[in-house]
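Welcome, and please load the model in your viewer. We will go from one selection to the next, with a short note on what to look for at each stop.

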Amino acid sequence: MLDQLYLLFGVAVVASPTVLLAVLGLTTLLGRPLGEEVIARLTSAAVVIGLTPALAIMAMMLVYDTRYVPIELGDWIALEDEHFHFHLKFIFDRLSIPFTILSFVLCGVVGAFTRRYLHREVGYNRFFLCYSFFFAGMVISALAGTIETLFLGWELVGLSSALLIAYFHERENPVRNGARVWSVYRLADAAFLIAALTLHKLTGEGDFGGLMGSGPWPQGTAAIDPFHALVVGSLLLVAAAGKSALVPFSGWLPRAMEGPTPSSAVFYGSLSVHLGAYLLLRVSPILDQSWSLRLLVIAVGAVSAVFGSMMSRVQTDVKNSLAY
């Protein structure tokens, strides 16, 4: 009975932003966009319907002293000759639950603010369509139980970010900056993809449970040797640096401020830029395998902190100063 409740609530958490994306996407694709009030109500409903079971799962895990709840949805793609499969799996643990709840709360707050901020704007429906891509991507990334599932959410977040930076497409600068951010994301995503394929080759799967050991996060031990941990970890660090605007990819973040204020708030002020840090936390057992990798992570963080502090002091406006 308890396992069935976990499965029901877990599917509801993931399905709520996904259904919102499907509804807004299909109505837009068919040329029959919904009205402002309907979009606002659907967005609020998706947040509440997803947040409530997430809180319920957290309460159940506390009551029953459970540290790890997997939600298995099976293989969606299987290539037997290549020994590759896309396994859709979500996990609720001490890392994913806080980040998921934070994503729901902040997306809900920004959605409520945008309802009035973009009232009667021509691009109201377009904004919320991109917002739903981001919303679904954040929830999928936070709850991902395999590296390929995480990559799926990671790509949805990146796509929505680039589209919203270029939201004011009638002007040249937003479009140029959106394209530049997209190119930086492509470099980071290429490193992520190579790391994912390397892990599949080394361990035979992309499941975080098998890769990081049987213990609940963060107690697992990576199932690869120190040299391979350094190689894979360095690739994942490049991916995290690109997504979180760390050195040497810091230049895209101020350019992202070309988007509407709500997208700047939810993407670059609260959630999107922290996805790189979340990735490193999720694969922290890999970091534990290599001293060189840990020193590299510390060096990137320290240089980024010093660079951001120096640049913020010479900006001429508050928004760019906050970005740095």
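## Stop one: S96

Select S96, which counts as buried because its relative accessibility is 0%, under the 20% cut-off. Keep in mind as you go that this is a predicted model. S96 sits in helix α3, which covers residues 96-117.

Now show the side chain of S96 and look for a polar partner: the backbone oxygen of I91 is 2.9 Å away. Which residues does S96 touch, leaving aside those up to four places away in sequence? They are I91, A142, L143, Y278 and R282, so I91 appears both as the polar partner and in this contact list.

## Stop two: S141

Next, pick S141 in helix α4, residues 124-143. Is S141 buried or exposed? With 1% relative accessibility, S141 counts as buried.

Display the backbone of W154 as well. Its nitrogen lies 3.2 Å from a polar atom of the S141 side chain. Beyond four places in sequence, S141 is in contact with L150, G153, W154, L275 and Y278. Leave Y278 selected for a moment: Y278 is touched by S141 and also by S96 from the previous stop.

## Stop three: L211

Move on to L211, which belongs to helix α7, residues 208-211. L211 is another residue that counts as buried, because its relative accessibility is 3%.

Draw a C-alpha to C-alpha distance from L211 to A222. The two residues are 11 apart in sequence, and the distance in space is 5.6 Å. Then colour the contacts of L211, not counting residues up to four places away in sequence: L199, T203, T221, A222, A223, I224 and I286.

## Stop four: α8 against α13

Finally, switch to a cartoon view and select helix α8 (residues 226-243) together with helix α13 (residues 291-312). Their axes come within 9 Å and cross at roughly 20 degrees. That angle is under 35 degrees, so α8 counts as roughly parallel to α13. The crossing of α8 past α13 is right-handed.

Which residues make up the meeting of the two helices? From α8, show A229, L230, G233, S234 and L237; from α13, show S292, L293, L296, V297 and V300. Colour this contact by residue class and you should find 7 nonpolar residues, 3 polar ones and no charged ones.

How values were computed:
Residues numbered from 1 in each chain as written. Predicted model: local features only at pLDDT ≥ 70, side-chain atom pairs only at ≥ 80, totals over all residues. Heavy atoms only, no water. Helix = DSSP H or I, 4+ residues; strand = E, 2+ residues; numbered from the N terminus. Buried < 20%, exposed > 50% of the residue type's maximum accessible area, 1.4 Å probe, protein only. Polar contact = N/O pair within 3.5 Å; in protein donor to acceptor, adjacent residues only side chain to side chain. Contact = heavy atoms within 4.5 Å. Axes fitted to C-alpha atoms, helices over the stretch in contact; angles between N-to-C directions. Parallel < 35°, antiparallel > 145°, perpendicular 65-115°, else oblique. Left-handed = near helix turned anticlockwise from the far one by under 90°. Nonpolar A, V, L, I, M, F, W, Y, C, P; charged D, E, K, R; others polar.
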